[in-house]
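Hi,

Here is the structure I said I would pass on to you. Have a look at it first, and then read my notes underneath.

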Amino acid sequence: MALSPEIEQAVRARIAYFRDLGVFDFYRRDYATAANATDTVTNTEENDAAAPAAHLDLETTPLMPSSLTLIAETQKAIAPKDHAAALQAIRDDIGDCTRCALSAGRHTIVFGDGDPNARLMFVGEGPGADEDAQGLPFVGRAGQLLNNMIVAMGLRRDQVYIANIVKCRPPQNRVPEPLEANTCSPFLFRQIDVIQPEVLVALGSTAATYLLGGKSPLAALRGRIHHARGSKLIVTYHPAYLLRDPRQKKEAWADLQLAMTELGLKAPAKSQ
Ligand code: SF4
């Protein structure tokens, strides 16, 4: 079956990406084997609930699930003392990246920031104007709110790790196109594989979609534990959304309390 031009371009980009990693041999498993191997993609509860997502046609579906399988096969545990160097190696691989169209409008690649051995990792959608200017994730108004959320959990920002699905700012802060997100997210997956956080928090539906390998309404994903790349995954609102609709902060706090329970954290006592 002929591939559409978009899928063919995505395949070419993905193969180039794996060649960058030094992976040259590819094979295609039959669907049943691949489906069983992609726990993080097809065995999620929301995919069970949404039957079509559990029966992906690998010829016609964008490459998220199959590419996740390939990356999982190259995944190896890295000693904590080597995490910083391993993250730097990923940054070196990215280089002055032009693998997707977002490179045209960016000023700075926003790789990620925080503790290479963090127990908790936040994943957002993509850099905004402040992040693009400074080269750091979540440094604008939404970042300040995220900082407040982290402090409310009894942590400091330098004790967690923060990254995004895409590392270059989408024009006008639009949602990344699937081709852009599928091209860039393998770098994020490698970061997660290095850090091996106990808990991932997906900030908003774009992060949840690419971490889980399938799209579901945010309301259907919140309030329970998912799994992605060996970590527990909790889904909550993006801080930028909370700035627009502060009434949802209470719901977001409930999501963060779920993460705190998993991490054995207690909220700091409020000062009198
Ligand atoms: S978004 Fe990612 S893949 Fe696209 S150019 Fe930037 S670093 Fe490269």
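**Strands and their partners**

Strand 1 (residues 113–114) and strand 3 run antiparallel and are joined by 2 bridges. Within that pairing, Gly114 has Tyr161 of strand 3 as its bridge partner. Before going further, please keep in mind that this is a predicted model.

Strand 3 also pairs with strand 2, this time in the parallel sense, over 4 bridges. Tyr161 turns up again here, since Met121 stands opposite this residue of strand 3. As for the side chains of strand 3, Tyr161 and Ala163 point one way, while Ile162 and Asn164 point the other way. Are these four buried or exposed? They are all buried.

**The chain as a whole**

If you want the overall picture, the chain has 13 helices and 6 strands. It holds 272 residues, and 41% of them are buried. Taking the contacts with a separation of 6 or more, 76% are between residues 24 or more positions apart.

**The nonpolar core**

The largest nonpolar core takes in 51 residues. Met121, which you met above opposite Tyr161, is one of the residues with the most contacts inside this core, along with Val123, Leu200, Val201, Ala202 and Leu211. Several elements each supply at least two residues of the core, among them strand 2 (120–124), strand 3 (161–164), strand 4 (199–203) and strand 6 (231–236). On the helix side, helix 8 (141–152), helix 9, helix 10 (205–212) and helix 13 (249–263) do so too. Which element gives the largest share of this core? That is helix 9, with 8 residues.

Two residues are worth clicking on here. Setting aside residues up to four places away in sequence, Ala202 touches Val123, Ala207, Ala208, Leu211, Leu233 and Val235. The last of these, Val235, lies in strand 6. Val235 counts as buried because 28 other C-beta atoms lie within 10 Å, and the cut-off is 20 or more. Apart from its neighbours within four places in sequence, Val235 is in contact with Ala202, Ala208, Leu218, Leu221, Arg222 and His226. Of that list, Leu221 is 14 residues away from Val235 in sequence, and the C-alpha atoms of the two are 6.2 Å apart.

**Around the ligand**

There are 14 residues around the ligand, and those that come nearest are Cys97, Cys100, Ser103, Cys168 and Cys184. By class, the shell has 8 nonpolar, 3 polar and 3 charged residues. Helix 9 (residues 178–195) comes up once more, as it gives the most to this shell, with 3 residues.

**Two backbone oddities**

Most residues other than glycine have a negative phi. Phe138, which is not a glycine, has a positive phi of about 55 degrees. You will find Phe138 in the loop between helix 7 (129–134) and helix 8. With 27 other C-beta atoms within 10 Å, Phe138 is buried.

Gln196 is the other one to look at: its phi is positive as well, near 50 degrees. Gln196 sits in the loop between helix 9 and strand 4. Why is Gln196 described as partly exposed? This residue has 18 other C-beta atoms within 10 Å, so it falls between the cut-off for exposed, 12 or fewer, and the one for buried, 20 or more.

Happy to go through any of this with you.

Cheers

How values were computed
Residues are numbered from 1 along each chain as its sequence is written. This is a predicted model: local features need pLDDT of at least 70, side-chain atom pairs count only at pLDDT 80 or more; totals for chains, interfaces and linings use all residues. A residue is near a molecule or strand if its C-beta atom, placed from the backbone, lies within 6 Å of it. Ala, Val, Leu, Ile, Met, Phe, Trp, Tyr, Cys and Pro count as nonpolar, Asp, Glu, Lys and Arg as charged, and the others, Gly among them, as polar. Two residues are in contact if their C-beta atoms, placed from the backbone, lie within 7 Å. A nonpolar core is a set of buried Ala, Val, Leu, Ile, Met, Phe, Trp, Tyr and Cys residues joined through C-beta atoms within 7 Å. Two strands pair if DSSP finds at least two bridges between them.
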